[in-house]
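Visitor: I'd like to learn how to read a model like this one. Can we walk through it together?

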Amino acid sequence: MASGKRKEMALLAARAGRYREYAPPPTLRRHFSRLWSHALHNGPPAIVPDGYCDLLWIDGRLVVAGPDRTAAFPVIQPGATVIGARFAPGAAAPWLKTPLSALVGCSVPLADIGRKDTAEFEARLADCPDPSAEMALFGRLLEGTARDAEEPARDAAMIFAAADGRHPASGLLDRLSMSERQLRRRCHHHFGYGAKTLERIRRFQRFLDLCRKSGTMPLASLALEAGFADQSHMTREVGELSTLTPAVIFDRLGMRERGD
């Protein structure tokens, strides 16, 4: 577990180096919402929960980073470049043939999940001369596997969209012809936790987006705009999910936008 000092020093992942996102090609868009690369050089990253699961190429291995409930503080060497693909909502469990409830808070080698092509993919990626070539090959390998991958779960995508749009997922019960128990089971299978936790995490992500864009908006206004009951509610939730205060996050993300 990370020490208190390490948590205080940790930077939000987007500030811990050079982070870039890319729209996936059309052949991957059903299964992956983003491709990304992250060259780390500014200190230890704090990975905060976002409701997603990612496939990573890191330290010569393909690794599945399961959904998080709270901030994670991975030990990654300065100068390392991580390449990733973020699964679209409802796509990870069918692609991995694993319920995401088994991967919460975990980073698991893809080989341990049982994909037979993992060793071949890792060998090919290891032969790339630089991160740019790795990124290009990583995308091509995913395109090859996507042709035979199961279709993402449409009901899971609807649940995620409801949580992301400030509409309680419980309101989908009639539209999806589900009981509360079925909704809970589907959420745990596709997101790793229940609908209420997913809603908390996506509200936290709205707060982060507002911090990047809001300029000098007061914290109390940020709280209401993000969907918290009040500033105290925001402070409690942000602290539980990130170990940081809203003011610290606002300052760090604001520095990024100012190019500091």
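**Reading the model**

Guide: Sure. This is a predicted model, and a good place to start is burial: 51% of the protein's 260 residues are buried.

Visitor: What does the secondary structure of the protein come to?
Guide: You'll find twelve helices along with eight strands.

Visitor: Among contacts between residues at least 6 apart in sequence, what percentage join residues at least 24 apart?
Guide: In this protein, 71% of those contacts do.

Visitor: And the surface: what share of the accessible area belongs to carbon and sulfur atoms?
Guide: Carbon and sulfur account for 51% of an accessible surface of about 13,000 Å².

Visitor: How should I treat places where pLDDT is low?
Guide: The general idea is not to read the predicted coordinates in detail there. Here, the average pLDDT is 87, and 88% of the residues score at least 70.

Visitor: Where does pLDDT stay under 50?
Guide: One such stretch is residues 1-6, with seven contacts beyond four places in sequence in the model. Another is residues 256-260, and the model gives that stretch seven contacts beyond four places in sequence.

Visitor: How many disulfides does a search of the whole structure find?
Guide: Zero.

Visitor: Let's try single residues, then. Is C128 buried or exposed?
Guide: The cut-off for buried is under 20% relative accessible area. C128 counts as buried because its relative accessibility is 14%.

Visitor: And what is the relative accessible area of C106?
Guide: That value is 33%, so C106 is partly exposed; the partly exposed class lies between the 20% and 50% cut-offs.

How values were computed: Residues numbered from 1 in each chain as written. Predicted model: local features only at pLDDT ≥ 70, side-chain atom pairs only at ≥ 80, totals over all residues. Heavy atoms only, no water. Helix = DSSP H or I, 4+ residues; strand = E, 2+ residues; numbered from the N terminus. Buried < 20%, exposed > 50% of the residue type's maximum accessible area, 1.4 Å probe, protein only. Contact = heavy atoms within 4.5 Å. Areas by Shrake-Rupley, 256 points an atom, 1.4 Å probe, with all protein chains shown as cover. pLDDT = per-residue confidence, 0-100. Disulfide = S-S within 2.5 Å.
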